[in-house]
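Visitor: I have the sequence and the fold on screen. Please walk me through them.

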Amino acid sequence: MRSFVGEEIMFLKPDKRKTPPYKDILMWSHYANAHKGICVQYNLSHNFGKNGEHCYHQFFEEKYTEDIVDISGGDKFNIEKGFLTKHQSWSYEEEIRFLYFDPECNSDFVSLPLDKESRVTAIYFGLYCSKWYISRIKN
């Protein structure tokens, strides 16, 4: 599973946010180690994640609810509740999730390289990102 936010994600509805994600103080606080990390901006093609015929892959808009999300109980795991639902307090993110499943994969981590049409379009450095890390990323 990968998570994305942005002004427009692929073919999904355009983002209505007033502040671009890379300028959002809460996003930096929650996801970039309190401004010590980075934000990577991508331009993803419609072919992103299509690594094989047997793989399942799709973008979904995150759902937000006032209820506590309970994924326990029962014999079946509910994908929508488990992967695509968050509490309403996180709705400012306007998150998009990319789910990828390869039944033939035996690894805990799957690398999804960018295809020929996709690319990194910008990298934003946090206010407290170390000079060493910035230099390493630029190189």
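**Salt bridges, sheet and surface**

Guide: By the rule that a side-chain nitrogen of Lys or Arg lies within 4 Å of a carboxyl oxygen of Asp or Glu, the count comes to 4 salt bridges. This is a predicted model, where local features need pLDDT of at least 70, side-chain atom pairs count only at pLDDT 80 or more, and totals for chains, interfaces and linings use all residues. Residues are numbered from 1 along each chain as its sequence is written, and side-chain values use heavy atoms, with hydrogens and water left out.

Visitor: Which residue forms a salt bridge with Glu62?

Guide: Side chains of opposite charge can pair when their charged atoms come close. For Glu62, the closest N and O atoms of the pair are 3.6 Å apart. Glu62 sits in the loop between E3 and strand E4 (63-65), and its partner lies in strand E6, 35 residues apart. The partner is Arg97.

Visitor: Is Glu62 buried or exposed?

Guide: Buried means under 20% relative accessible area, exposed over 50%, and partly exposed in between (1.4 Å probe, protein chains only). Glu62 has a relative accessible area of 7%, and its partner Arg97 has 10%. Arg97 is therefore buried. Because its value is 7%, Glu62 is also buried.

Visitor: What is the N to O distance between Glu95 and Lys86?

Guide: Glu95 counts as buried, at 6% relative accessibility. Lys86 is buried at 14%. Their side chains meet in a salt bridge, N to O, at 2.7 Å.

Visitor: Which residues are linked in a network of salt bridges?

Guide: Arg97 also forms a salt bridge with Glu95, with the closest N and O atoms 2.5 Å apart. Glu95 in turn meets Lys86, and Arg97 pairs with Glu62. The linked residues are Glu62, Lys86, Glu93, Glu95 and Arg97.

Visitor: What pattern does the protein chain follow along the sequence?

Guide: Helices (H or I, at least four residues) and strands (E, at least two) are DSSP runs, numbered from the N terminus. The protein chain has 3 helices and 7 strands. Read along the sequence, they give β-α-β-β-β-α-β-β-β-α.

Visitor: In what order do the 3 strands form an open sheet?

Guide: Two strands pair if DSSP finds at least two bridges between them. The pairing in this sheet is antiparallel. Strand E1 (2-4) and strand E3 (56-61) are the edge strands, each pairing on one side only. The order is E1-E6-E3.

Visitor: Which residue in E6 is the bridge partner of Gln58?

Guide: E3 and strand E6 (residues 96-101) pair in the antiparallel sense. They do so over 6 bridges. The partner of Gln58 is Leu99.

Visitor: Which residues form a nonpolar patch on the surface?

Guide: Patches are made of residues with over 30% relative accessible area and no salt bridge; like charges are joined within 9 Å, nonpolar side chains (Val, Leu, Ile, Met, Phe, Trp, Tyr) within 5 Å. Together this patch has about 310 Å² of accessible area, by the Shrake-Rupley method with a 1.4 Å probe, where for residues only the protein chains shown count as cover. One member, Val120, is found in strand E7 (residues 119-125) and is partly exposed at 41%. The residues are Tyr42, Leu114, Val120 and Ile123.
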